[in-house]
Amino acid sequence: MKRLSSFAVASTLVASMSVAAGLPRLDPAGLGMRGDHLRHIEREVEAAHGEGQFAGCVVAIGRREGLAMLWAYGDRQVEPAQREMTIDTVFDLASLTKPIATATSVMVLLEEGLLRLRDPISKHLPEITNEHADQITIERLLTHHTGYVPDNALEDYRHGVEEAWRRLFALEPQDPPGTRFRYSDVNFELLGKLVERISDQPLNEFAGERVFAPIGMHETTYLPPADLQARSAASEPREGRMLVGEVHDPRAALLGGVAGHAGLFSTAADLSRYAAMMLGEGQLDGVRVLSPATVREMTRPREVSGHRRGGGWDMRSGYSSNRGELMTDRAFGHGGFTGTAIWIDPGLDLFVIFLSNRLHPDGHGSVNDLAGRIATIAAASIEQP
C-alpha cells in the first residue's frame, strides 16, 4: 500500500488546489496552531489503520481563515481493485446529511418565515395523523425527542417510494414526544420531506441551490455524477457488487438516493467551506447562507432527556465519542455510519473533519474513538484562541 503520509506531500497537494476548491492552505503557525503537535495525528491514524479499522481516510483541520492540515492516508478502495486515497476523494457522508443538508435547509426556511420550530409536523405534512401528531414539533424532530423508533422496517421501503412514505407517515411514536431521547433516522426522513413540501423542490435541489452552491461547495451532492463516482471511496458489497459512489444507507437507496437522513456525498475541501461558513456566523467570502441569529439558534444547546443536542447537531450525548475532549461547550458536530465525522467549535475557532471508509471492504471497522482523539490533538495544538 502506498500512502500520502508526509505533511510535506500534503502541503504541496493543498497548495496546488484552487481556493475555490476549499479554504486556503496556511502554515499552522499563521493560524495560531502548533504544526509539530498536529503530527501526533499521523501516529494515531497509522495505529488505527494497522488494526484494520479502515482502508483509508482524509483529515482536514482548520480555522475560519484557512486549513492547517489536509491529509490523505491509505486507500479509497482495496477490493476488487486497489485505488489510493487522495485529498479530493468523495465520501458517502451518511448521517452528516442530517445537519449539513437537512437541518441547514430547515433553518433557511425558518429565517424566511415559512416555518416555526414550534410547528407540529402535521401542520406541513397533514398525512401524519397519529394521536401524538400535535406534539411532534419540528424542534423535537431536529433534536431526536419525538419517540419515533431509530428505523422502521426495511420491508416498508420495498414496495415503491409512494408506499414507503405512506408507511412513514403512519408510524406511531414508541414514547410520548418530549419524554425520551431516541436517535432516529425517521425524524430526518420526515424533515427532508418537510423541506420538499414547503419549498416545492426536492431536498437535493433545495440544499444544492440555497446552501452548497452559494459558498462554493461544488462537489457536495446527492446522486453523484460519473466524474465524482470515479473518485469516490468504496464502502461494502451489495447484491454482488462493491458500492462506489452509491449511497450505502439501504433506506435512502430505496427512496431513490435522496433522503433527509442520508445520501449526501462530499469532499473534505467542501466540508471545510461549510465549517468556515458556520464559524463565520453564516457567511463565507462575503456570501451569506444563514443569518447570525439563525446560526445561534441552530447551535443553541438543548437539554434533551439528559443529552445535549442542537438543531440537527450533537453536542454531548451518547453519540459524542467522536468529540474532542478539549473542545469548549460551544462545540457541535455529528458522525456518520460510513466512518465520517465533523466537529466545529466557535469557542476555539476550530473545525475538525475526519472522513474514512471504515466499512470497506467487509463491513467492519470502528473510527469514532480515533476521530475524537484527532479532535483532541487539534484543540491542544491551538496557541492563540
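**Exercise 1. Which elements each supply at least two residues of the lining of the largest cavity?**

Before starting, note that this is a predicted model, where local features need pLDDT of at least 70, side-chain atom pairs count only at pLDDT 80 or more, and totals for chains, interfaces and linings use all residues. Residues are numbered from 1 along each chain as its sequence is written, and side-chain values use heavy atoms, with hydrogens and water left out.

Step 1: get the terms straight. On a 1 Å grid over the protein atoms alone, a cavity is a set of points where a 1.4 Å probe fits but cannot get out, while a pocket is an open set with protein on both sides within 12 Å along at least five of seven lines; lining residues have an atom within 4 Å of a point. Helices (H or I, at least four residues) and strands (E, at least two) are DSSP runs, numbered from the N terminus.

Step 2: look at the lining. Among its residues are Phe91, Asp92, Ala234 and Ser235.

Step 3: match them to elements. The answer is β4 (91-92) and β6 (234-238). The cavity has a volume of about 70 Å³, a volume being the space filled by probe spheres set on grid points that are joined across faces, edges and corners.

**Exercise 2. Find what lines the second largest cavity, and sort it by class.**

Step 1: list the lining. It includes Trp343, Ile353, Phe354 and Ala375.

Step 2: find the elements. β15 (340-345), β16 and α14 (368-380) each give at least two residues.

Step 3: sort. You get eight nonpolar, one polar and no charged. Here Ala, Val, Leu, Ile, Met, Phe, Trp, Tyr, Cys and Pro count as nonpolar, Asp, Glu, Lys and Arg as charged, and the others, Gly among them, as polar.

**Exercise 3. Work out which parts the pair of Phe54 and Phe354 ties together.**

Step 1: check the geometry. The rings are 6.3 Å centre to centre with 85° between the planes, so the pair is edge-to-face. (Rings of Phe, Tyr and Trp, its six-membered ring, pair if their centres lie within 6.5 Å; planes under 30 degrees apart count as stacked, over 60 as edge-to-face and the rest as tilted.)

Step 2: place the partners. Phe54 is in the loop between α3 (40-50) and β1 (56-63), and Phe354 is in strand β16 (residues 350-356), so the pair joins parts 300 residues apart in sequence.

Step 3: check burial. Phe54 has a relative accessible area of 3% and Phe354 one of 2%. Both are buried, meaning under 20% relative accessible area (exposed is over 50%, partly exposed in between; 1.4 Å probe, protein chains only).

**Exercise 4. Describe the largest pocket, then follow one of its residues.**

Step 1: give its volume. About 540 Å³ of space lies in it.

Step 2: describe the lining. Of the 29 lining residues, Ser95, Tyr183, Gly335, Gly336 and Phe337 lie nearest the centre. β14 gives the most, with three residues.

Step 3: follow Phe337. The charged end of Arg358 sits over the ring of Phe337, 4.6 Å from its centre. (That takes NZ of Lys or CZ of Arg within 6 Å of the ring centre and within 35 degrees of the ring normal.)
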